[in-house]
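Here is a short walk through the structure shown below. Let us look at how its parts fit together, and then stop at two residues.

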Amino acid sequence: MLKVSVVVPVHNAGSYIDKCAQSLLGQSIGRDAYEVVYVDDGSTDDSAERLDRLVALHPGLRRSRLASSS
């Protein structure tokens, strides 16, 4: 049963995405109890590619991409 949704805003986060993912995926609550949603606000670095790789490897992760709000 899903208990928690973690929403992570992303804008040109680069390697911080991988560090954040490691922390979120290592939670003791159990992978079926939470979801992680990354919201990319029009990054111009490699953030989109990093998120695509993570989502492909971990089914509980999702990503949404928005046009830049800045």
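A polar contact here is a pair of N or O atoms within 3.5 Å, and within protein one of the two must be able to donate a hydrogen and the other to accept it. Keep that in mind for Arg50, which we will meet further on. Please also note that this is a predicted model.

Let us begin with the sheet. Three strands make up an open sheet, ordered S1-S2-S3, and their pairing is parallel. Strand S1 (4-10) and strand S3 (61-66) stand at the edges with a single partner strand each, so one side of each has no neighbour in the sheet. From one strand to the next, the twist averages 20°.

How many bridges join strand S2 to S3? There are six, with S2 spanning residues 34-41 and the two strands running parallel. One bridge pairs Val36 with Leu61 in S3. On the other pairing, S1 and S2 are linked in the parallel sense over seven bridges, and Val4 has Tyr34 in S2 as its bridge partner. In general, strands of a sheet pair through backbone hydrogen bonds, either parallel or antiparallel.

Now for the helices, which are set out in this table.

| Helix | Residues | Strands touched | Angle between directions |
|---|---|---|---|
| H1 | 16-25 | S1, S2 and S3 | about 165° with S2 |
| H2 | 47-57 | S1, S2 and S3 | about 155° with S3 |

Both entries pack on the sheet: H1 does so, and so does H2. Helix H1 also belongs to a right-handed β-α-β unit, together with S1 and S2.

Back to Arg50, which is found in helix H2. Is Arg50 buried or exposed? Its relative accessible area is 16%, and buried means under 20%, so Arg50 counts as buried. The side chain of Arg50 makes a polar contact with the side chain of Asp18, at 2.3 Å. Leaving out residues up to four places away in sequence, Arg50 touches Gly14, Ser15, Ile17 and Asp18.

Our second stop is Leu2, in the segment before S1. Leu2 has a relative accessibility of 48%, so it counts as partly exposed. Which residues does Leu2 contact, leaving aside neighbours within four places in sequence? They are Asp32, Ala33, Tyr34 and Glu35. Tyr34 has appeared above already, as the bridge partner of Val4. Finally, Leu2 and Gln27 are 25 residues apart along the chain, and their C-alpha atoms are separated by 14 Å.

Key:
Residues numbered from 1 in each chain as written. Predicted model: local features only at pLDDT ≥ 70, side-chain atom pairs only at ≥ 80, totals over all residues. Heavy atoms only, no water. Pairing = 2+ DSSP bridges. Helix = DSSP H or I, 4+ residues; strand = E, 2+ residues; numbered from the N terminus. Axes fitted to C-alpha atoms, helices over the stretch in contact; angles between N-to-C directions. Contact = heavy atoms within 4.5 Å. Buried < 20%, exposed > 50% of the residue type's maximum accessible area, 1.4 Å probe, protein only. Right-handed = clockwise from strand over helix to strand, strands pointing away.
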